[in-house]
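Q: I would like a close look at one part of this structure, the second of its sheets and what packs against it. Please explain each term as you go.

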Amino acid sequence: MLKQEPFKPENYYILAVDDISTNLKLLRVILEPIGYSLTFAKGGHQAIERLKASKPDLILLDLMMPEMNGLEVCKRLKSDPEYADIPIIFLTASNEQEHIVDAFELGAVDYINKPFKTPELLARIRHHLLLKHTIDELKSTQIELENALAEVQKIANTDPLTGVLNRRSLFNFAHQEFNRVIRYGLSFSILLMDLDYFKKVNDNYGHQVGDIALCTVVKSIKNTIRNVDFLGRYGGEEFMAILPETYGEQALILAERIRKMVASNIIETDQGNLRLSISIGVSTYSIKDRSLDDMILRADKGVYQAKQQGRNKCCLV
């Protein structure tokens with residue numbers, strides 16, 4: 001629940017628009033002693049200039065003015081997203097009542113008859129300023145909640161160490177891509193990547209260096225794949241990339257670039273420089289694949305073959 005703060009007129013800025021100077025002077029006499037900050041315009045064109053110079057919290061707008069009347073000013077403001085949320089109260093003579101419906105249809109929030117009755121004027125201004133303040137607070141709260149929700153979703157979908165997709169989110173995207181390919185007759189590929197001898201890295205250099213190594217590898221992979229590709233941590237020192245609309249030979253070329261990039265990294269440690277290598281299995285969708293598991297199984301066989309061939313290899317199955 002929003003906490004309602006005491007209403008303070010000095011926190012609000014009002015633009016008064018009227019082509020008759022006497023009316024503007026009267027508004028000054030009524031509103032300034034209360035604490036409102038005021039600016040004035042003697043016509044529609046001047047009112048728009050005042051708006052561009054400083055955005056008021058509320059507009060008191062004379063309905064009938066020469067050159068550009070209040071209805072035209074209101075129409076222009078409500079069509080501009082920058083000013084559309086400013087409440088407009090029309091100031092109207094009793095013989096202008098037939099235009100009030102037009103004013104409300106254009107977006108006015110209220111009207112006040114001339115000559116002004118001070119208690120009514122102050123009450124209506126206060127009401128609409130409070131209402132606008134409440135709406136602004138609700139919008140701000142909504143934005144904060146949306147940002148918080150987005151952050152929570154990001155945390156829920158992300159591997160906390162490397163910052164890429166976690167296994168659950170990775171598989172969600174992979175299943176979506178598999179279903180999309182079946183529906184539209186396209187293709188995609190999977191890279192399954194396993195760091196070589198990573199247990200020795202943790203044993204010989206410690207888990208802190210091991211974490212640095214994993215993050216270094218992820219950075220290399222992210223710098224190599226496209227923005228449309230999905231990268232996630234498959235488990236431990238294994239990573240998977242989903243490559244939409246990529247075929248076998250294309251995927252294999254990309255895998256080879258990743259392999260070389262990882263092999264070129266040098267991680268400095270207290271025990272000397274550390275070099276890494278990675279084995280990559282590649283699979284591409286085939287009409288024989290009944291499920292995503294079939295593709296992952298082939299990619300896993302590719303990793304196995306790469307290991308059997310001495311590691312630091314890429315194999316397309």
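In which sense do strand β11 and β12 pair, and over how many bridges? Please describe the surroundings too.

A: This is a predicted model, in which local features need pLDDT of at least 70 and side-chain atom pairs count only at pLDDT 80 or more, while totals for chains, interfaces and linings use all residues. Residues are numbered from 1 along each chain as its sequence is written, and side-chain values use heavy atoms, with hydrogens and water left out.

Strand β11 (residues 278-284) pairs with β12 in the parallel sense, over 3 bridges. Two strands count as paired if DSSP finds at least two bridges between them. The strands themselves are DSSP runs (E, at least two residues), as are the helices (H or I, at least four residues), and both are numbered from the N terminus. Within this pair, valine 282 of the one strand stands opposite leucine 316 in β12.

The two strands belong to an open sheet of 5 strands, whose order is β7-β8-β6-β11-β12 and whose pairing is mixed. At its edges are β7 and β12 (314-316), each of which pairs on one side only. From one strand to the next the twist averages 20°. Angles such as this run from 0 to 180 degrees between N-to-C directions, and the axes are lines fitted to C-alpha atoms, for helices over the stretch in contact.

Helices pack on this sheet. One of them, α6, touches β6 (188-195), β7 and β8 (238-244), and its direction makes about 125° with that of β7. Contact here means heavy atoms within 4.5 Å. Another is helix α10 (residues 292-308), which touches β6, β7, β8, β11 and β12 and makes about 145° with the direction of β11.

Aromatic rings also link α6 to the sheet. The structure holds 6 aromatic pairs. Rings of Phe, Tyr and Trp (its six-membered ring) pair if their centres lie within 6.5 Å; planes under 30 degrees apart count as stacked, over 60 as edge-to-face and the rest as tilted. In one of these pairs, the ring centres of phenylalanine 171 and tyrosine 234 are 6.0 Å apart and the planes are at 25°, so the pair is stacked. This pair links distant parts of the chain: phenylalanine 171 is in helix α6 (residues 167-184) and tyrosine 234 is in strand β7 (residues 230-235), 63 residues apart. Both phenylalanine 171 and tyrosine 234 are buried, where buried means under 20% relative accessible area, exposed over 50% and partly exposed in between (1.4 Å probe, protein chains only).

Tyrosine 234 has a charged partner as well: arginine 167 lies over the face of its ring, at 4.5 Å from the ring centre. A charge sits over a ring if NZ of Lys or CZ of Arg is within 6 Å of the ring centre and within 35 degrees of the ring normal. A further case is arginine 311, whose charged end sits over the ring of tyrosine 197, 4.4 Å from its centre.

For comparison, another open sheet of 5 strands has the order β2-β1-β3-β4-β5, with parallel pairing. Its edge strands are β2 (37-41) and β5 (110-113), each with a single partner strand, so one side of each has no neighbour in the sheet.

Strand β9 (residues 266-269) and strand β10 (residues 272-275) pair in the antiparallel sense over 4 bridges. They form a hairpin with 2 residues between them, and isoleucine 267 stands opposite leucine 274 in β10.
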